[in-house]
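These are review notes for a student who is reading a protein model for the opening time. Please keep the structure open while going through the points.

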Amino acid sequence: MLGKKLGQTQKFLENGMRIPVTTVAVAGNTVVGQKTQDKNGYSALQLGIGTKKRPNKALQGIMKGASLTTAPYFLKEARADDGEVSSLALGTVLKATE
């Protein structure tokens, strides 16, 4: 899962000890690409997060291939098994659950 750092804060343990924590917003991650062992030599999912106002031509091609209406602000590949890659279709939104 990809997330955006919101800031730093602090929390206190039961014994009164203070620890630093980072707050992260984990919005929906969209599957924008699939890398398979047969085609690319490794298995991975390409995930996108956020929305970019003015995408470049390369990003527009990725949008077109994944049938997306908005361009992701940030892209990242995450290694996965072949079964996981084939089970998730392009455009699927992955959400974090509590």
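**Notes on the fold**

1. The largest nonpolar core in this predicted model consists of 7 residues: Leu2, Val31, Leu45, Leu47, Ile49, Ala80 and Val85. Strand E4 contributes the most to this core, with 3 residues. Another core, of 6 residues, lies apart from it, and Leu59, Met63, Ala66 and Leu68 are among its members.

2. Leucine 45 is a useful residue to look at within the largest core. Which residues does leucine 45 touch, not counting residues up to four places away in sequence? They are Val31, Gly33, Gln34, Lys76, Glu77, Ala78, Val85 and Leu88.

3. Next, the overall make-up. The chain has 3 helices and 6 strands, and along the sequence they follow the pattern β-β-β-α-β-α-β-α-β. The radius of gyration is 17 Å, well over the 13 Å that the globule rule gives for 98 residues, so the chain is more spread out than a compact globule. The C-alpha trace spans about 55 × 35 × 20 Å along its principal axes.

4. Some totals for the chain follow. Buried residues make up 22% of its 98 residues. Of the contacts with a separation of 6 or more, 51% are between residues 24 or more positions apart. The accessible surface comes to about 7,300 Å², and carbon and sulfur atoms account for 51% of this surface.

5. Four strands form an open sheet in the order E5-E4-E3-E6, with antiparallel pairing. Its edge strands are E5 (74-79) and E6 (93-94), each of which pairs on one side only. Strands of a sheet pair through backbone hydrogen bonds, either parallel or antiparallel. Strand E4 (residues 44-49) is paired with E5 over 6 bridges, in the antiparallel sense. To find the register, look for glycine 48, which stands opposite leucine 75 in E5.

6. Two residues of strand E3 deserve a closer look. Asparagine 29 is in strand E3 and is buried, with a relative accessible area of 0%. Leaving aside neighbours within four places in sequence, asparagine 29 is in contact with Met1, Leu2, Gly48, Ile49, Thr92, Val93 and Leu94. Threonine 30 also lies in strand E3. Is threonine 30 buried or exposed? Its relative accessibility is 18%, and the limit for buried is under 20%, so threonine 30 counts as buried. With the neighbours within four places again left aside, threonine 30 is in contact with Gln46, Leu47, Gly48, Leu68, Gly91, Thr92 and Val93.

7. Helix H2 (residues 57-66) has Leu59, Met63 and Ala66 buried. They lie on the same side of H2 because they cover an arc of only 75° around the axis. An α-helix has 3.6 residues a turn, so residues three or four places apart point the same way. The face of H2 turned away from the buried side carries the exposed residues Lys57, Ala58, Lys64 and Gly65. Strand E3 (29-35) and E5 are included in what covers the buried residues of H2. Serine 67 follows H2 and has a positive phi, near 55°.

8. The remaining two strands form a hairpin. Strand E1 (residues 4-12) and strand E2 (residues 18-25) run antiparallel and are joined by 8 bridges. Glutamine 10 stands opposite proline 20 in E2. There are 5 residues between the strands of this hairpin, and glycine 16 takes a positive phi near 95°.

9. A last residue to check is aspartate 81, found in the loop between E5 and helix H3 (82-87). Is aspartate 81 buried or exposed? Its relative accessible area is 54%, and the limit for exposed is over 50%, so aspartate 81 is exposed. Aspartate 81 is 45 residues from threonine 36 in sequence, while their C-alpha atoms are 8.9 Å apart in space.

Notes
Residues numbered from 1 in each chain as written. Predicted model: local features only at pLDDT ≥ 70, side-chain atom pairs only at ≥ 80, totals over all residues. Heavy atoms only, no water. Pairing = 2+ DSSP bridges. Core = buried A, V, L, I, M, F, W, Y, C linked by side-chain atoms within 4.5 Å. Buried < 20%, exposed > 50% of the residue type's maximum accessible area, 1.4 Å probe, protein only. Contact = heavy atoms within 4.5 Å. Arc of directions from axis to C-beta. Rg over C-alpha atoms; globule rule 2.2 N^0.38 Å. Areas by Shrake-Rupley, 256 points an atom, 1.4 Å probe, with all protein chains shown as cover.
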